[in-house]
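Reader: Hello! Could you take me through one part of this model closely, and then show me how the rest of the chain fits around that picture?

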Amino acid sequence: MQPSEKRKFGRTGLDVTAFAFGTAPIGNFLREMEEDVAEGMIRHAWDAGVRFYDTAPMYGHGLAELRLGHALRWKARDEFVLASKVGRVLHAARRSEIDFAPWSNAAPNRMVFDYSYDGTMRSFEDSLQRLGLERIDMMFIHDVDRFTQGDAQPELFAQAMDGCWRALERLRAEGVVKAIGVGVNEWEVCHQALTMRDFDCFLLAGRYTLLEQDALDEFLPLCEARGAAVLVGGGFNSGILATGAVPGAKYNYAPASPAIMERVARIEGVCREHDVPLPAAALQFVVAHPAIPSFCAGTRTVEQLEQNLQWFSYPIPAEFWADLKRHGLLRENAPTP
């Protein structure tokens, strides 16, 4: 598996690289990142052949879009694919009035959820301005899931399936964007959206990994049937599939349970038998599914990015995947490289 390998992104007519660059960290997620580090990572990804970039107004209250656009501004626009999101509108504000958490010293904008038609159109135009680029190729409706919205999710989801949908469908019909979709943390929300509207693609964070394959039941088969593409993020389940079952390992942004720790330790045992790094297996497993042409990873340093690129191309024998299934550590119907 090569990070620069070009793949068809469902029915959209877009060709994307198998490895995508995620920009949440360059929005100063949890801690500040120097400008030269952010630009250096984007440059390193480009030099490695990565041509798919995912961003959002949420990431650093617009900072990630500003940094990404600056780094890509003089690249030939037809050589890369760019995704951003709608669902939040940014308003300029004094830093003293902004709650930046979990971002650190981000751009001076406050964020407001807005899934209306007008809010979607404004969000799209604002993203174009922050990026300083002539177009955005795909737009996702962002965070209309229970993980983010809690008890308000059903109402906000209904708003998004009306307001956001009408705006994005118009942009697609006019050829302003090539693909529209939903970006959330729950495959069930993606599945519901696809049964209701004619979406092209989805960004699914953390719900199809070496530890979780429930999306194989309904969602991914429907994507195959409808020609919808899935960009997967969170392939390490927020940490444990990168670190292994070590003390303090994180699973879904919280300390991993004993059951998860035990399962990961068993997967690590198979990894040792075949001399396969656990993170390499986690990355390559995701993009083996025919509906998932690309995996999106965010990193904090050039060294982390380079390590991910190496894991992505690490040679893994077919026997490794067969052993995971033989030990009941991977679903029998899960596609493997």
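Author: Happy to. A quick word on charge before we zoom in: the chain carries 35 positive and 45 negative charges, and their mean positions lie 2 Å apart. Please keep in mind that this is a predicted model.

The part I would pick is helix α10, which spans residues 278-286. Of its 9 residues, 9 are buried, so the helix is largely enclosed by the rest of the structure. Going along α10, the buried residues are Leu278, Pro279, Ala280, Ala281, Ala282, Leu283, Gln284, Phe285 and Val286. An α-helix has 3.6 residues a turn, so residues three or four places apart point the same way. In α10, the buried list runs from Leu278 through to Val286, and what covers these residues includes both helices and strands. Among the covering elements are the strands β11 (229-233) and β14 (294-297). The helices there include α8 (240-243), α9 (258-274), α11 (302-312) and α12 (318-326).

Two of those covering elements, β11 and α8, lead us to a backbone detail. The loop between β11 and α8 holds Ser238, a residue that has a positive phi of about 70° although it is not a glycine. Most residues other than glycine have a negative phi, and most peptide bonds are trans. Ser238 counts as partly exposed because its relative accessibility is 29%, which lies between the 20% limit for buried and the 50% limit for exposed.

Tyr253 also has a positive phi of about 70° without being a glycine. Its place is the loop between β12 (250-251) and β13 (254-255). With a relative accessible area of 59%, Tyr253 is over the 50% cut-off and therefore exposed.

The peptide bonds offer a detail of their own: Ala101 and Pro102 are joined by a cis bond, with omega at about 5°. Pro102 sits in the loop between β6 (88-92) and β7 (109-113).

Two further residues are worth a stop. His191 belongs to helix α6 (residues 187-196). At 17% relative accessible area, His191 falls under the 20% cut-off, so it is buried. Beyond its neighbours within four places in sequence, His191 touches Glu218, Phe219 and Leu222.

Ser4, for its part, lies in the segment before β1 (6-8). Its relative accessibility of 34% makes Ser4 partly exposed. Setting aside neighbours within four places in sequence, Ser4 is in contact with Thr17, Ala48 and Gly49. Ser4 and Trp46 are 42 residues apart in sequence, with their C-alpha atoms 9.4 Å apart in space.

Stepping back to the whole chain, there are 12 helices and 14 strands. For 337 residues, a compact globule would have a radius of gyration near 20 Å, so the chain's 19 Å agrees with that expectation. Along the principal axes, the C-alpha atoms fill a box of roughly 55 × 45 × 40 Å. Of the 337 residues, 58% count as buried. Sequence-distant contacts feature here too: among contacts between residues at least 6 apart in sequence, 73% join residues at least 24 apart. As for the outside, the accessible surface comes to about 13,800 Å², and 50% of that belongs to carbon and sulfur atoms.

Conventions: Residues are numbered from 1 along each chain as its sequence is written. This is a predicted model: local features need pLDDT of at least 70, side-chain atom pairs count only at pLDDT 80 or more; totals for chains, interfaces and linings use all residues. Side-chain values use heavy atoms; hydrogens and water are left out. Helices (H or I, at least four residues) and strands (E, at least two) are DSSP runs, numbered from the N terminus. Buried means under 20% relative accessible area, exposed over 50%, partly exposed in between (1.4 Å probe, protein chains only). Contact means heavy atoms within 4.5 Å. The radius of gyration is taken over C-alpha atoms; the globule rule is 2.2 Å times the number of residues to the power 0.38. Accessible areas come from the Shrake-Rupley method with a 1.4 Å probe; for residues, only the protein chains shown count as cover. Lys and Arg count as positive and Asp and Glu as negative; His and the chain ends are not counted. The place of a charge is taken as NZ of Lys, CZ of Arg, CG of Asp or CD of Glu.
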